Amino acid sequence: MNRKKTKNPLFFLLTGGPTYDVPLGRKDGFNFATEQATIDNLVAPFANTTTVLASLEVKGLDATDAVALSGAHTIGISHCTSFTDRLYPNQDSTMDKTFANNLKRSCPTADSNNTVNMDIRSPNVFDNKYYVDLMNRQGLFTSDQDLYTDKRTRGIVRSFAVNQSLFYEKFVIGMIKMGQLNVLTGGEGEIRKRCDRRNKDKKVDIATVVEELEETFSALF
Ligand code: HEM
């Protein structure tokens, strides 16, 4: 079996975190988003809470969703260039000084190609430590840290920092809401044989897709 196929599901299981039933019936698109469409729909890491809330509001997501979904930054890495505007030429005054000094060691210049963990407390565990980081002014991006500075979201950050189950509950709600955006049904899309490629043949046999998935999962467990 192709090793690459198992990498992502396995990593997800190892990080922990909540599970949820994905609503059924939606299809994969016939096309991929263009680079421009992707950029237009992404919030920049230097965005403040006002911008984050406004960008999510147009998609039907509220402040709780914004704080909960940003909690995905409890795992994973970031390139230096996504946050070095907070270090050079001037250090962001809302950033904890020791944290900033350590980041400067990892990213010695503003355009360094290095990467750092996004959650310094538990970078490989899907837990609520990201919110503890924010309360200690150790959030990596402005879009993260400002959630604790801004009065509209500060209480939500605190509530997740002290209650991991509440974070899990709201994260799942946010994920399900995101999954409802621009749903394609029926002939509007297809079931991809490989999630990163559109099907060559438009008439893919659903049984083949299911068999391949079963093979992947039986090799995992
Ligand atoms: C305010 C909205 C958000 C902003 C500004 C943002 C920004 C970013 C940036 C700049 C990176 C690092 C990219 C790099 O330098 O390599 C990143 C990584 C990541 N983001 Fe977000 N993000 C946001 C929302 C989300 C949401 C909603 C999720 C998922 C529910 C998410 C999950 C992740 C993950 C898992 C990574 C790590 C990827 C890796 O390890 O390769 N982010 N994000």
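Trainee: What percentage of the contacts in the protein chain with a separation of 6 or more comes from residues 24 or more positions apart?

Mentor: One asks how far apart in sequence the contacting residues lie. In this predicted model, residues 24 or more positions apart make up 70% of the contacts in the protein chain with a separation of 6 or more.

Trainee: Which elements does the protein chain have, and in what order do they run from the N terminus?

Mentor: One follows the helices and strands along the chain. Here there are 10 helices and 2 strands, in the order α-α-α-α-β-α-β-α-α-α-α-α. The C-alpha trace of the protein chain spans about 55 × 35 × 35 Å along its principal axes.

Trainee: What does the UniProt annotation cover?

Mentor: An annotation is read as the statement of a record. The unreviewed UniProt entry gives "domain: Plant heme peroxidase family profile" for residues 14-199. Over that range the chain is 42% helix and 3% strand, with its end C-alpha atoms 30 Å apart.

Trainee: What is the mean pLDDT of the protein chain?

Mentor: Confidence is considered before detail. The mean is 90, and 90% of the residues reach 70 or more. Residues 1-6, however, have pLDDT below 50, and this stretch has 7 contacts in the model beyond near neighbours in sequence. Where pLDDT is low, the predicted coordinates should not be read in detail.

Trainee: Which residues surrounding the ligand are the closest?

Mentor: One lists the shell, then sorts it by element and by class. The ligand is surrounded by 17 residues, the closest being L69, A72, G76, H79 and S82. Both α4 (63-70) and β1 (77-79) supply at least two residues of this shell, and β1 gives the most, with 3 residues. By class, the shell has 10 nonpolar, 7 polar and no charged residues.

Trainee: Which residues have the most contacts inside the largest nonpolar core?

Mentor: One looks for the residues that join the core together. The largest core has 20 residues, and those with the most contacts inside it are A66, V67, Y131, L134, V157 and F160. At least two residues of this core come from each of α3 (49-57), α4, α6 (129-135), α7 (142-149), α8 (151-162) and α9 (164-179). Leaving aside neighbours within four places in sequence, V157 is in contact with V67, Y131, L134, M135, L147 and Y148.

Trainee: Which residues of α4 are buried?

Mentor: For a helix, one identifies its buried residues and then what covers them. In α4 the buried residues are D65, A66, V67, A68 and S70, and their cover includes α3, α7, α8 and α9.

Trainee: Is T49 buried or exposed?

Mentor: The count of surrounding C-beta atoms decides. T49, in helix α3, is buried because 24 other C-beta atoms lie within 10 Å, and 20 or more suffice for that class. Not counting residues up to four places away in sequence, T49 touches D146, L147, D150, R152 and T153.

Trainee: Which residues other than glycine have a positive phi, and where do they lie?

Mentor: Backbone angles are read together with location. One such residue is R137, with phi near 60°, in the loop between α6 and α7; R137 is partly exposed, with 17 other C-beta atoms within 10 Å. Another is N182, with phi of about 45°, in the loop between α9 and α10 (206-220). N182 counts as exposed because it has 8 C-beta neighbours inside 10 Å.

Trainee: Which residues does a cis peptide bond join?

Mentor: Omega is the angle to inspect. The cis bond joins Y88 and P89, with omega about -5°, and P89 is found in the loop between β1 and α5 (97-106).

Terms used: Residues are numbered from 1 along each chain as its sequence is written. This is a predicted model: local features need pLDDT of at least 70, side-chain atom pairs count only at pLDDT 80 or more; totals for chains, interfaces and linings use all residues. A residue is near a molecule or strand if its C-beta atom, placed from the backbone, lies within 6 Å of it. Helices (H or I, at least four residues) and strands (E, at least two) are DSSP runs, numbered from the N terminus. Ala, Val, Leu, Ile, Met, Phe, Trp, Tyr, Cys and Pro count as nonpolar, Asp, Glu, Lys and Arg as charged, and the others, Gly among them, as polar. UniProt positions are given in the numbering used here, feature names are shortened, and annotations may be inferred rather than shown by experiment. A nonpolar core is a set of buried Ala, Val, Leu, Ile, Met, Phe, Trp, Tyr and Cys residues joined through C-beta atoms within 7 Å. A residue is buried if 20 or more other C-beta atoms lie within 10 Å of its own, exposed if 12 or fewer, and partly exposed in between; C-beta atoms are placed from the backbone. Two residues are in contact if their C-beta atoms, placed from the backbone, lie within 7 Å. pLDDT is the predictor's confidence in each residue, from 0 to 100.
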